[in-house]
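User: Please take a close look at a single part of this structure and describe how it packs. I am a first-year student, so explain each term once.

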Amino acid sequence: MRELLKKIMEEGEVLSEHVLKVDRFLNHQVDPQLMKKMGEHFANEFRHERITKVLTLESSGISPALMTAYELNVPLLVARKRKPVTLSENTYKASVYSFTKREETEIFVSQRLLDGEDRVLIIDDFLANGQAALGLVDIVAQAKAHVAGIGIVIEKAFQGGGQLLRSRGYRVVSLARIASLQDGTVKFIEEVMCE
């Protein structure tokens, strides 16, 4: 995903050694052409897994997840961060701690939308410590469904979430893997740059 790496270098803003701001193309203002390419890439990576649903967490993961679901021709399921009045039926729920926001949030998915027959591809915008992905994995497990893979737009590899998920046996595909944000500079893991 050279286009993504280029966007990060040109439009990303390093706010600290742990925070990369990408609101010009991913999570505030969205570049639809880039999202389409990401969706194609994730779909190609996981097409052989017989995915029946793509699952993401509102809100920043929705754009790449929607394009992935479109390419796979399957529904997109969005885990909600607040339980709306319209979600009155039984739900699966999990707790997710956000290190960026420094708060814990409960996430919800309707039980009628996810079941043991589903093969789920989890898509998210960032992977740092792995808490959001683990919350989505927990939801899938409660439904007795199968996690067929995890697609991440930007992995902050120095924070260990990717290693944690991979050590638990999940196939994690990250479009950009960041080795460091030190000194206000984005440094990518070499293997990504060579693709």
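Analyst: Three residues of helix α1, namely Glu-3, Leu-4 and Lys-7, meet Leu-34, Lys-37 and Met-38 of helix α2; contact means heavy atoms within 4.5 Å. This is a predicted model, in which local features need pLDDT of at least 70 and side-chain atom pairs count only at pLDDT 80 or more, while totals for chains, interfaces and linings use all residues. Residues are numbered from 1 along each chain as its sequence is written, and side-chain values use heavy atoms, with hydrogens and water left out.

The contact of α1 with α2 is made up of 3 nonpolar residues, no polar ones and 3 charged ones. Here Ala, Val, Leu, Ile, Met, Phe, Trp, Tyr, Cys and Pro count as nonpolar, Asp, Glu, Lys and Arg as charged, and the others, Gly among them, as polar. Helix α1 covers residues 2–11 and α2 covers residues 32–46 (helices are DSSP runs of H or I, at least four residues; strands are runs of E, at least two; both are numbered from the N terminus). The axes of α1 and α2 lie 10 Å apart, at an angle of about 140° (axes are lines fitted to C-alpha atoms, for helices over the stretch in contact, with angles from 0 to 180 degrees between N-to-C directions). That angle makes α1 oblique to α2 (not under 35, over 145 or 65 to 115 degrees).

Helix α2 also packs against α3. Their axes come within 7 Å and cross at roughly 55°, so α2 and α3 are oblique to each other too. On the α2 side are Met-35, Lys-36, Met-38, Gly-39, Glu-40, Phe-42 and Ala-43, which meet Ser-63, Pro-64, Met-67, Thr-68, Glu-71 and Leu-72 of α3. By class, the contact of α2 with α3 has 7 nonpolar, 3 polar and 3 charged residues. Met-38 appears in the α1 contact and in the α3 contact.

The largest nonpolar core has 33 residues (a set of buried Ala, Val, Leu, Ile, Met, Phe, Trp, Tyr and Cys joined through side-chain atoms within 4.5 Å; buried means under 20% relative accessible area, with a 1.4 Å probe and protein chains only). Leu-4, Ile-8, Leu-20, Val-54 and Ile-154 have the most contacts inside this core. The elements giving two or more residues to the core are α1, α2, α3 (62–72) and the strands β7 (119–127), β8 (146–156) and β9 (172–180). Helix α2 supplies the largest share, 6 residues.

Setting aside neighbours within four places in sequence, Val-54 touches ten residues, including Ala-65, Thr-68, Ala-69, Leu-72, Leu-121 and Ile-123. A second, separate core of 27 residues includes Ile-107, Leu-114, Ala-132 and Ile-150.

Methods
Buried < 20%, exposed > 50% of the residue type's maximum accessible area, 1.4 Å probe, protein only.
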